[in-house]
Amino acid sequence: MPAELPIAIAAPNAAPALDGMPVLRVDALSKSFEKRQVLQAIDWSVPAGRVIGLLGRNGAGKTTLLRCLLGLSPIDSGQIELFGEPMIEPGGERMHRVGFVPQSFDLFPWMKVRAYLDFTAAFYARWDHALTARLLDSWQLDPRQKIGQLSQGQRQKLAIVRAIAPQPDLLVLDEPVASLDPQARRAFMAELLELTRRPGKTVIFSTHITADLERADADIALLRDGRIQFTRPLAELRECMHRVILSRAEGWLEVPPIAGMLKANIKGHEAQLLVEHPDIENLQALAVQLNASLRIETPTLEDLFVELA
Ligand SMILES: Nc1ncnc2c1ncn2[C@@H]1O[C@H](COP(=O)(O)OP(=O)(O)OP(=O)(O)O)[C@@H](O)[C@H]1O
C-alpha cells in the first residue's frame, strides 16, 4: 500500500487551526487484523500547537494508529475528526495541511531526488523551496542521485524534507529518526522545533528514543493494551511520577499499600514503587511503621517508559 498521502491538485492556503483546539479527535476507534485486535475503542484528542511523542512497546499499534488517523488504513469502527471535520475518506484539500513521514520510504526508486521534490512541490501552494534547498545542503542529500540508490537514512531524510516543505499544520512521523545518525537526529529535532514554533503547528511522532522527546519537551502519549493510556506534558509527568523505595532487612512478602501506586517491584530488601503524587508525610509515617528506610527518586523518561509501557 502506498505510504504517500492522497492529495488533490488544488492547493489552498488553509487557515491554521487555533492553538489549544483539537487538531485531531478520535472516538472509539477500533482496528483489528484478522482476529488480532490492535486498537481497542481509542478515545484521543490532540490539541493544536503541541509536539506529541507517541510511545509504546514494539507491536503496541503505533504505526497502525498513525496510518488509521490519516486514512491510510481502514478502521473497523469509531470516528476520526481532522481539523474539526469528520474523516470519512482520505484525500482532498485537507491533506495539504498534513505531512506524513512513514516508517520506511521506498517509493519512486527510479526518480532523482531533485525531480521527485520538484514533482511533489507542484501539488502544494505553500511549498517552501528555500527550506528544501537548505535541508538538501545541510543534510548532504545529492539532488542528482536516484532515490533507489539512497541509503536507508538518506531516504528517511528525503521523506522528512518532503513532509516538512509544504509547511503542514499537522506533521505525523512514524519513527522518523530510526535510521538517522546522531548528527542528523539532532538536526532533525532542531527543524522539528523550528516548525512547531510557528503558531498552530502540531507534530505527532512515534519513537523509541526518549531523549528526543525530552529535547522537544513533548507531550507524551502512551499506547498500551490497544488504548491511549494518557497524553500529558513531559514536565507534568516528571513532577508527579516518583519512584518510592522502601528498604528493610527482612524484605517484603507483600507490596506495602500506598495511595497513587501504579507499579510495584520487590527486589530483595527493597520494595520499588512507581507512585503518582506521593504524599511525603504519609510515606515517612508508613516507613517508620514498617521499620523501613525511605528513598524517593525522580525516574528518567526512559525508566518511566519501561515501567509504564
Ligand atoms: N498488515 C498487517 N497484517 C496483520 N497484522 C498486522 C499488520 N500490520 C500490523 N499488524 C500487527 O498489528 C500489531 C501492531 O503493529 P504496529 O506496527 O502498529 O506496532 P508498532 O507499535 O508500530 O510497533 P514497532 O514499535 O515495532 O514499530 C502487531 O501485532 C502487528 O503484528
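Student: How many bridges join strand 6 to strand 7, and do they run parallel or antiparallel?

Tutor: Note that this is a predicted model. Strand 6 and strand 7 (residues 170-174) are joined by 4 bridges and run parallel. One partnership to look up: glycine 99 bridges to leucine 171 in strand 7.

Student: What is the strand order of the sheet?

Tutor: Read across the sheet, strand by strand. The order is 6-7-8-3-9-10, in an open sheet of 6 strands with mixed pairing. Strand 6 (98-101) and strand 10 (227-233) are the edges, each pairing on one side only. From one strand to the next, the twist averages 15 degrees.

Student: Which strands does helix 1 touch?

Tutor: Helix 1 (residues 62-69) packs on the sheet and touches strand 3 (51-55), strand 7, strand 8 (202-206) and strand 9 (219-224). Its direction makes about 150 degrees with that of strand 7.

Student: At what angle do the axes of helix 4 and helix 5 cross?

Tutor: Roughly 10 degrees, for helix 4 (residues 152-164) and helix 5 (residues 182-197), with the axes coming within 12 Å. Angles under 35 degrees count as roughly parallel, so helix 4 is roughly parallel to helix 5.

Student: Which residues make the contact?

Tutor: Helix 4 supplies Gly153, Lys157, Ile160 and Ile164; helix 5 supplies Ala184, Phe188, Glu191 and Leu195. By class, they divide into 5 nonpolar, 1 polar and 2 charged.

Student: Is glutamate 281 buried or exposed?

Tutor: Count C-beta neighbours. A residue with 12 or fewer within 10 Å is exposed. Glutamate 281 has 8, so it counts as exposed. Glutamate 281 lies in helix 8 (residues 280-289). From C-alpha to C-alpha, glutamate 281 and arginine 185 are 43 Å apart in space, and they are 96 residues apart in sequence.

Key:
Residues are numbered from 1 along each chain as its sequence is written. This is a predicted model: local features need pLDDT of at least 70, side-chain atom pairs count only at pLDDT 80 or more; totals for chains, interfaces and linings use all residues. Two strands pair if DSSP finds at least two bridges between them. Helices (H or I, at least four residues) and strands (E, at least two) are DSSP runs, numbered from the N terminus. Axes are lines fitted to C-alpha atoms, for helices over the stretch in contact, and angles run from 0 to 180 degrees between N-to-C directions. Two residues are in contact if their C-beta atoms, placed from the backbone, lie within 7 Å. A residue is buried if 20 or more other C-beta atoms lie within 10 Å of its own, exposed if 12 or fewer, and partly exposed in between; C-beta atoms are placed from the backbone. Angles under 35 degrees count as roughly parallel, over 145 as roughly antiparallel, 65 to 115 as roughly perpendicular and the rest as oblique. Ala, Val, Leu, Ile, Met, Phe, Trp, Tyr, Cys and Pro count as nonpolar, Asp, Glu, Lys and Arg as charged, and the others, Gly among them, as polar.
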